Amino acid sequence: METTKMTINGVSVCPTGEERHEYFTPVFARRTKKRFCQYDYRHEDGELFSCVAPTLEECRQRRDEWLQRKTNKEVKR
């Protein structure tokens with residue numbers, strides 16, 4: 001198992017209320033050198049949001065959508 005700045009033995013080390021990201025080039029895209037961003041965000045309640053997208057901005061947009069859905073779900077309770 002590879003260790004990165006985001007994981008230890010495959011487990012996210014993202015602290016509560018913070019985000020972490022890193023760019024990588026997958027094996028299938030080595031020729032084109034297409035890079036992707038892996039993104040983790042741990043909410044204050046401890047729930048982890050994780051995604052992979054071409055840019056950090058797109059990852060943050062997906063996080064914001066996830067937070068909006070999460071907030072709406074909590075309001076309905």
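From the N terminus on, the elements of this chain follow the order β-β-β-β-β-α. That gives 5 strands and 1 helix. The model is predicted. Along the principal axes, the C-alpha atoms of the chain fill a box of roughly 50 × 25 × 15 Å. Of the 77 residues in the chain, 29% are buried. Among contacts with a separation of 6 or more, 28% join residues 24 or more positions apart.

The sheet is a good place to start. It is open and has 3 strands in the order β3-β4-β5, with antiparallel pairing. Its edge strands are β3, residues 19-24, and β5, and each of these pairs on one side only. From one strand to the next, the twist averages 10°.

Each of the two pairings can be followed residue by residue. β3 and β4 are antiparallel and share 6 bridges. F24 has F36 in β4 as its bridge partner, and R20 stands opposite D40 in β4. On the other side, β4 and β5 also run antiparallel and are joined by 6 bridges. Here D40 has S50 in β5 as its bridge partner, while Y39 stands opposite C51 in β5. D40 thus appears in both pairings, with R20 across from it and with S50 as a bridge partner.

Two turning points deserve a look. K33 lies in the loop between β3 and β4. Most residues other than glycine have a negative phi. K33 has a positive phi, near 60°. K33 counts as exposed because its relative accessibility is 65%, and the cut-off for exposed is over 50%. The hairpin of β4 and β5 has 5 residues between the strands, and in this hairpin G46 takes a positive phi near 95°.

Burial comes next. In β4, 6 of the 7 residues are buried, so the strand is described as mostly covered, buried being under 20% relative accessible area. β5 shows an alternating pattern instead: the side chains of F49, C51 and A53 point to one face and are buried. Those of L48, S50 and V52 point to the other face and are not buried.

In soluble globular proteins, nonpolar side chains tend to be buried together. What makes up the largest nonpolar core here? It has 9 residues: C37, Y39, Y41, F49, C51, A53, L56, C59 and W66. At least two residues of this core come from each of β4 (36-42), β5 (48-53) and α1 (56-76). The buried side chains of β5, namely F49, C51 and A53, are thus members of this core.

Aromatic residues take part in this core, including Y39, F49 and W66. These three residues also form one aromatic cluster. The structure holds 3 aromatic pairs.

Y39 ties several of these threads together. Leaving aside residues up to four places away in sequence, Y39 touches M6, E19, R20, H21, F49, S50, C51, L56, C59, R60 and R63. Among these contacts are F49, C51, L56 and C59, which also belong to the largest nonpolar core. R20 is another contact of Y39, and R20 stands opposite D40 in β4.

R63, which Y39 touches, also has a place at another ring. Its charged end sits over the ring of Y41, 5.5 Å from the centre of that ring. Y41 is itself one of the residues of the largest nonpolar core.

Terms used: Residues numbered from 1 in each chain as written. Predicted model: local features only at pLDDT ≥ 70, side-chain atom pairs only at ≥ 80, totals over all residues. Heavy atoms only, no water. Phe/Tyr/Trp six-rings, centres within 6.5 Å; stacked < 30°, edge-to-face > 60°. Lys NZ or Arg CZ within 6 Å of the ring centre and 35° of its normal. Core = buried A, V, L, I, M, F, W, Y, C linked by side-chain atoms within 4.5 Å. Buried < 20%, exposed > 50% of the residue type's maximum accessible area, 1.4 Å probe, protein only. Helix = DSSP H or I, 4+ residues; strand = E, 2+ residues; numbered from the N terminus. Contact = heavy atoms within 4.5 Å. Pairing = 2+ DSSP bridges. Axes fitted to C-alpha atoms, helices over the stretch in contact; angles between N-to-C directions.
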